[in-house]
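Here are my notes for anyone opening this one for the first time. Have the structure on screen while you read.

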Amino acid sequence: MRLNVPLTGVDELNAIAEVLQSGFLTQGPKTAEFERLIATRIGAMYAFGTSSATTGLHLTLHAIGVLPGDEVIVPDFSFPATANAVIQQGAIPVFVDIDLATFNLNPTLVEQAITPRTRAIMPVHAFGLTADMTLINEIAARHGIPVVEDAACALGATHRGREAGTLGLAGVFSFHPRKIITTAEGGLISTSDAELAAKIAVLRSHGAVRGSHYMSFVDAGFNYRLSDIHAAIGIAQMVKLDHILDRRRSLASVYNDLLSDVDGVSPPSVPEGDLHSYQSYVVLLDDDVDRDSVIDRMREADIETTLGTYSMHLQPYFRERFAIDDRELPSATRAQRSALTLPLYPQLENEQLESVVSALRQAVVSSRRKP
Ligand SMILES: Cc1ncc(COP(=O)(O)O)c(C=O)c1O
């Protein structure tokens, strides 16, 4: 059983063929339509397709004026793209610990990490659960610091009734095949700030402004566009979004029930008032369970599982550059060691989840470290 299988088929194939036949392949009408669909869906004024979430994050940091030497607060526990976007801007990622119950930024520690050089806070909505944006926004407003949501995993997630991607100054989604919907590669920046939107529009495509006959180049921009081929896949995927979210949520609730009496495994917890998108279903194993041995045992049962995500300070590049002691980031360190992602995608049936949980129960028993 695979960890994730994107829900793609003949609709996506036809959408690609239509673009190829049209002769307009790069950013064009399909990208504009895809952007409109997402903006309307989440309630944002503007949306900009990008070639990936990584380029979307970098473009956003650049557009809000993060400069070399500035500090940007990010969670230590995330996919490296979050911190890499900060590095690409010449800025310094300041790694803050997470709350182990939600895998999300701990807001109290965010406040402690703010310095006069802090130019942005970039919470990640871990695995599709929104960070505590109420508290984070409160802290950010008190210090006059913009908040950029890394909403890569969180299309469809809500915090107190508001959609991910509308909870900060800007939000960035990913459409990598492991995300809620896919465009193969692709991302999107959402914002309701007109000034920021105008900058992003120019910077996304070479710093160009279109005139009546030709373009003029008003900034040193990037080529971070989304192609119409990718956008067309995204349009076909948007038709399925509600079905995908419903299935993910209902399967997650089956997992929650099945796991409730499995020793050594804590299912993900969702704060009151939030709606998880379950891009990944990630459990925390007891400290004395060897997670990598569990992954091996599950593989023997023909079930693909993997770690949760990465603790940045433990990765060679960041370790060499910042040399942060594990004791400063205890929860992220623990999450890197003990989090486990289980298979979850709309095509799975309840019986398959039963077999995952039954294999996991045995794998955990045989992977306990000796005292
Ligand atoms: C939290 C987070 N941010 C950013 C990214 C980067 O997304 P992309 O592959 O679209 O660049 C990912 C991808 O896994 C992610 O999980």
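1. Over how many bridges do strand β10 (residues 170-174) and strand β11 (residues 187-191) pair, and in which sense, parallel or antiparallel? Keep in mind that this is a predicted model. β10 and β11 pair over five bridges, in the antiparallel sense. For one of the residue pairs, go to Ser-174: its bridge partner in β11 is Gly-187.

2. Now zoom out to the sheet around that pair. It is an open sheet of four strands, and the order reads β1-β11-β10-β7. The pairing in this sheet is mixed. β1 (46-50) and β7 (148-150) are the edge strands, and each has a single partner, so one side of each has no neighbour in the sheet. On average, neighbouring strands here are turned by 20° against each other, if you ignore direction.

3. Ser-174 is worth a second look, since that residue also turns up at the ligand. There are 14 residues around the ligand, and the ones that come nearest are Ser-52, Ala-53, Thr-54, Ala-152 and Ser-174. By class, the shell is made up of six nonpolar, seven polar and one charged residues. Two helices, α3 (53-63) and α4 (81-88), each supply at least two residues of this shell.

4. How do those two helices sit against each other? The axes of α3 and α4 come within 9 Å and cross at roughly 40°. The helices are therefore oblique to each other, and their crossing is right-handed.

5. On to what touches what between the helices. From α3, the residues in the contact are Ala-53, Thr-54, Leu-57, His-58 and Leu-61. They meet Ala-81, Thr-82, Asn-84, Ala-85, Val-86 and Gln-88 in α4. Sorted by class, this contact has six nonpolar and five polar residues, with no charged ones. Note that Ala-53 and Thr-54 take part in this contact and are also among the residues that come nearest to the ligand.

6. Finally, there is another open sheet to find. This one has four strands in the order β14-β16-β18-β17, with antiparallel pairing. Its edge strands, β14 (265-266) and β17 (306-307), each pair on one side only. β17 pairs with strand β18 (residues 339-342) over two bridges, in the antiparallel sense. To spot the pairing on screen, look for Thr-306, whose bridge partner in β18 is Thr-341. As general background, strands of a sheet pair through backbone hydrogen bonds, either parallel or antiparallel.

Methods. Residues numbered from 1 in each chain as written. Predicted model: local features only at pLDDT ≥ 70, side-chain atom pairs only at ≥ 80, totals over all residues. Near = placed C-beta within 6 Å. Nonpolar A, V, L, I, M, F, W, Y, C, P; charged D, E, K, R; others polar. Axes fitted to C-alpha atoms, helices over the stretch in contact; angles between N-to-C directions. Parallel < 35°, antiparallel > 145°, perpendicular 65-115°, else oblique. Left-handed = near helix turned anticlockwise from the far one by under 90°. Contact = placed C-beta atoms within 7 Å. Pairing = 2+ DSSP bridges.
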